[in-house]
Structure formats: structure tokens, C-alpha cells
Amino acid sequence: MADPADKPFWKTTPLGQMDRKQWESLCDGCGRCCLEKLRDGDTNELYFTNVACKQLDLRNCRCKDYKHRKEIVPDCVQLTPRNIRRLDWLPETCGYRLVAEGRDLYWWHPLVSGDPKTVHQAGISVRGRAISERAAGDLEDHIIDWIK
């Protein structure tokens with residue numbers, strides 16, 4: 001039987017018991033959660049767009065000012081162990097969602113690969129596929145189907 005100490009922290013530590021460093025490292029740096037989303041008021045269907053929050057650095061797919069993001073973008077949703085399971089817009093590939101659902105991280109996740117570039121190399125990130133909300137215009141013109 002394998003020693004639990006040999007397993008990575010995301011397989012042995014519940015989300016609510018992770019320290020800040022562990023919690024933050026679950027983010028794979030894809031930027032998908034920072035894309036604007038539309039929800040149909042009648043059907044509740046969710047639509048992703050390729051329009052990124054103005055705070056997303058489109059090159060490295062990280063927030064330009066993560067520490068102050070809620071002050072700059074008041075409707076930015078802070079992920080917590082409590083709300084992860086309720087956020088239906090988190091992509092299926094999201095590290096937080098995967099761990100919350102008891103699933104493992106993908107090979108390209110930096111915690112698995114040891115390299116923050118693999119999320120981009122695997123084509124998971126929004127790098128090269130998103131535009132800033134400052135240049136977008138109507139969100140309806142930017143609906144995409146490459147995120148599930």
C-alpha cells in the first residue's frame with residue numbers, strides 16, 4: 001500500500017485545509033475563468049466569450065494586479081473552498097474544480113508538469129485566443145465554443 005506522504009497535497013488535503021500557497025498553486029494559469037460569460041435569462045444556458053477581463057494579462061494569462069483585483073473589478077469572483085462547487089462557470093479543466101470533484105489534475109497542470117508553460121503548450125490557456133474587454137464591443141459577437 002502506498003504511503004500517503006508520497007501523494008501530492010491536492011490528493012490528501014481537503015480544499016478547506018489547504019494553506020494559502022497550496023490553494024493558490026491550484027490555479028493552472030489558463031485565464032479561462034477571467035473570460036466574460038453570458039447567461040440566457042430564459043434557459044439559464046451559459047455562454048463563454050473570448051473577451052477577457054481588463055485585468056487579465058493576455059500574454060501570461062494572470063491577473064495584472066491580483067492582490068487588488070476586487071478593488072479594481074468589484075464583480076471579480078474570489079474562489080473559495082465554500083463556493084467552488086456552486087460556480088457552474090468554472091471550466092471542466094479548472095484545477096480547483098477538479099480537486100473539489102475528487103478528480104486528478106491534468107498532465108499539463110504546473111503542479112504535475114513542474115512547468116508553468118505546459119498549460120499554454122497544451123492549448124488550454126486563453127493565450128492568443130482572447131481579447132481585452134476594452135477592445136471587444138458587444139459580448140454577443142464574441143461567443144465561443146472551445147470551453148466546456
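# A guided tour, starting from the core

Start by selecting Leu26 and Leu79: among the 17 residues of the largest nonpolar core, these two touch the most other members. A nonpolar core here is a set of buried Ala, Val, Leu, Ile, Met, Phe, Trp, Tyr and Cys residues joined through side-chain atoms within 4.5 Å. Buried means under 20% relative accessible area, exposed means over 50%, and partly exposed lies in between (1.4 Å probe, protein chains only). In soluble globular proteins, nonpolar side chains tend to be buried together.

Before you click on, two notes about what is on your screen. This is a predicted model, in which local features need pLDDT of at least 70 and side-chain atom pairs count only at pLDDT 80 or more, while totals for chains, interfaces and linings use all residues. Residues are numbered from 1 along each chain as its sequence is written, and side-chain values use heavy atoms, with hydrogens and water left out.

**Stop 1: around the core**

Colour helix 1 (9-12) and helix 4 (95-100), the elements that give two or more residues to the largest core. Helix 4 supplies the largest share, four residues. Helices (H or I, at least four residues) and strands (E, at least two) are DSSP runs, numbered from the N terminus.

Now go back to leucine 79 and show what is around it. Leaving out residues up to four places away in sequence, Leu79 touches Trp23, Ile84, Leu87, Trp89, Leu90 and Tyr96. Contact means heavy atoms within 4.5 Å.

There is a second, separate core too, with nine residues, including Leu35, Phe48, Cys61 and Ile147. Keep Leu35, Phe48 and Cys61 in mind, as they come back below.

**Stop 2: the sheet**

Switch to a cartoon view and look for three strands in an open sheet, in the order 1-2-5, with mixed pairing. Strand 1 (35-39) and strand 5 (131-132) are the edges: each has a single partner strand, so one side of each has no neighbour in the sheet. Two strands pair if DSSP finds at least two bridges between them.

Zoom in on strand 1 and strand 2 (residues 46-52), which pair in the antiparallel sense over four bridges. Which residue stands opposite leucine 35 in strand 2? Select alanine 52 and you have found it. Then try lysine 37, whose bridge partner in strand 2 is phenylalanine 48.

**Stop 3: the hairpin loop**

Follow the chain through the hairpin of strand 1 and strand 2, where six residues sit between the strands. Select asparagine 44 in this loop. Its phi is positive, about 70 degrees, although Asn44 is not a glycine. Asparagine 44 counts as partly exposed, at 48% relative accessibility.

In the loop between strand 1 and strand 2 you will also find aspartate 42. Is aspartate 42 buried or exposed? At 79% relative accessibility, Asp42 counts as exposed. For a long view, draw a line from aspartate 42 to lysine 11: they are 31 residues apart in sequence, and their C-alpha atoms are 39 Å apart in space.

**Stop 4: cysteine 61**

Move on to cysteine 61, in the loop between strand 3 (56-57) and strand 4. Here is another positive phi, about 60 degrees, in a residue that is not a glycine. Cysteine 61 is buried, with a relative accessible area of 3%.

**Stop 5: arginine 69 and the pocket**

Next, select arginine 69, which lies in helix 3 (residues 69-72). Arginine 69 is buried, with a relative accessible area of 12%. It touches Cys63, Cys76 and Gln78, not counting residues up to four places away in sequence. Look also for the backbone oxygen of tyrosine 66, 2.7 Å from a polar atom of the arginine 69 side chain.

Now turn on a surface and look for the largest pocket, with a volume of about 990 Å³. Of its 39 lining residues, the closest to the centre are Cys33, Cys34, Arg69, Cys76 and Val77. A pocket is an open set of points on a 1 Å grid over the protein atoms alone, where a 1.4 Å probe fits, with protein on both sides within 12 Å along at least five of seven lines; lining residues have an atom within 4 Å of a point. The volume is the space filled by probe spheres set on the points. Strand 1 gives the most to this lining, with four residues.

**Last stop: threonine 13**

Finish in the loop between helix 1 and helix 2 by selecting threonine 13. At 19% relative accessibility, Thr13 counts as buried. Not counting residues up to four places away in sequence, threonine 13 touches Met18 and Gln22.

How values were computed: A polar contact is a pair of N or O atoms within 3.5 Å; within protein, one must be able to donate a hydrogen and the other to accept it, and residues adjacent in sequence count only if both atoms are side-chain atoms.
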